[in-house]
Amino acid sequence: MLGPRNEAVQRQHPDLLAPAPTDHGTLPNLKFAFDQTHTRLEVGGWSREVTVRELPVATTLAAVNMRLNPGGVRELHWHKQAEWAYVLEGRVRVTAVDAGGRDFVDEVERGDLWYFPAGIPHSLQGVGPDGAEFLLVFDDGEFSENSTFLLTDWVAHTPRAVLARHVETGEEQLRDLPGREKYIFAGPPPGPLEAERMPGPAGTVPHPFTHRLHDEPPLKSPGGRVWVVDATDFPVSTTVAAALVEVEPGGMRELHWHPTTDEWQYYLSGSARMGVFAAEGKAGTFDYQAGDVGYVPFPMGHYVENTGDGTLRYLELFRSSKFADLSLRQWLTLTPEPLVRAHLGASAAALLARLPREKRQTLA
Ligand code: MN
Ligand code: MN
């Protein structure tokens, strides 16, 4: 290269700069870094988003990375899309009410999940000495965090006389109401959890909106482990299925694909290389670091290698009620050997015939 270049960017994308000889043809862009997005800075915290506007191929899911300072409130709101979340650090107080008048108040911490179905009103608040940071995932790539239905925005755009009638008082009693939306604001720390759990006459929601992902043991295989969570264990999460994948140094998430829908990824720690096979002789390789979003269009084959010295951790997310994957290796070990031999030759077929026939989501 003789012309201008950005060496810092080049170093993060070695497989775009010097592609493997097996890469071929045009693939859509399958990577976007949260660190390339605009941060919406507020007094009580911040947010930034990767949606179809940043990563056009990602039509199924959109995501927001949000920080709430201690006491910081993401205000009472609702939206068209369902919201799935993973707590990155700290503790979060969540509240919600469903259409049956049943309420929900809980507190979650690092590694925990929540899910609010579409249209259900909810709030989030950072608690403890550090507040919290988390990843929000919405079941539509067109979602924007700046287009949700906010309590204060509605109040600011409703005549005072109407609001006064609604709460059976006079307009002069409502002079403290905000004149514009708050979105994220600094709030006082919430009261003790048990004191704030005061169910109304209809009681609490039948299925909790929160879930402790790490309460269940992971699926273990050589080179790593996978926690799968979908509507089977987390019944309210009917539109988002997930897997948290850990791959040890030198290991890989094996060659596989998903038979139902696209895969949306979020890299939590470490670094990775993903190879994607797109049919028609097309293949591409992409590199990821912590904080990046990756994507695999339905139903392209792919693998993910740990390219760093530490454990690679990332989330695989699907707009689906059920997690499902197909392993290339298991497929071939369960296919008659002569048929495999006719495709791949005698030595590969003999090797495959000796491998365990169980699915291995990761390999050492
Ligand atoms: Mn929300
Ligand atoms: Mn996958």
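This report walks through a predicted model of a protein chain with two manganese ions.

## The chain as a whole

Let's start with the overall picture. The protein chain has 364 residues, and 48% of them are buried. Its secondary structure amounts to eight helices and 24 strands. Measured out along the principal axes, the C-alpha trace spans about 85 × 55 × 35 Å.

## The first manganese site

Ligand 1 is a manganese ion, and four residues coordinate it: His77, His79 and His122 each through NE2, and Glu83 through OE. The coordinating distances run from 2.0 to 2.2 Å. Read along the sequence, these donors follow the spacing H-x1-H-x3-E-x38-H. The site thereby links distant parts of the chain, as His77 sits in strand β5 (residues 72-78) while His122 belongs to strand β9 (residues 122-138), 45 residues apart. His77 and His122 are both buried.

## The second manganese site

The manganese ion listed as ligand 2 has His256 (NE2), His258 (NE2), Glu263 (OE) and His302 (NE2) around it, at 2.0 to 2.2 Å. For this ion the donor spacing is H-x1-H-x4-E-x38-H. Two of the donors, His258 and Glu263, are buried.

## A seven-stranded open sheet

Now for a sheet that is worth tracing by eye. Seven strands make up an open sheet with antiparallel pairing, in the order β1-β20-β17-β22-β15-β14-β13. The edges are taken by β1 (31-33) and β13 (219-221); each has a single partner strand, so one side of each is left without a neighbour in the sheet. On average, neighbouring strands are turned by 20 degrees against each other, direction ignored.

At the β13 edge, this strand pairs with β14 (residues 224-229) in the antiparallel sense over three bridges. One of the residue pairs here brings Ser221 together with Gly224 of β14 as bridge partners.

## Strand β17 and its two partners

Strand β17 (residues 263-269) has six of its seven residues buried, so it is largely enclosed by the rest of the structure. Its pairing with β20 (residues 292-296) is antiparallel and uses four bridges. In that pairing, Trp264 stands opposite Tyr295 of β20.

Strand β22 (residues 312-318) also runs antiparallel to β17, and five bridges join the two. Here Tyr267 has Tyr314 of β22 as its bridge partner. Strand β17 also has a tie to the second metal site, as its range of residues 263-269 takes in Glu263, a donor to ligand 2.

## A small nonpolar cavity

Finally, a look inside. One cavity of 30 Å³ or more is counted, and the largest cavity has a volume of about 30 Å³. Its lining consists of Trp84, Tyr86, Leu113, Leu213, Trp227, Val229, Ala242, Ala243, Leu244 and Leu315. By class, the lining has 10 nonpolar residues, no polar and no charged ones.

Strands β6 (83-97), β14 and β15 (241-247) each supply at least two residues of this lining. The biggest share comes from β15, with three residues. Both β14 and β15 are also members of the seven-stranded open sheet.

Definitions and conventions
Residues numbered from 1 in each chain as written. Chains lettered and ligands numbered in written order. Predicted model: local features only at pLDDT ≥ 70, side-chain atom pairs only at ≥ 80, totals over all residues. Heavy atoms only, no water. Donors = N, O, S within 2.8 Å, 3.2 Å for Na, K, Ca; no water. Buried < 20%, exposed > 50% of the residue type's maximum accessible area, 1.4 Å probe, protein only. Pairing = 2+ DSSP bridges. Axes fitted to C-alpha atoms, helices over the stretch in contact; angles between N-to-C directions. 1 Å grid on protein atoms, 1.4 Å probe; cavity = no way out; pocket = protein on both sides within 12 Å on 5 of 7 lines; lining within 4 Å. Points joined across faces, edges and corners; volume = space filled by probe spheres on them. Nonpolar A, V, L, I, M, F, W, Y, C, P; charged D, E, K, R; others polar.
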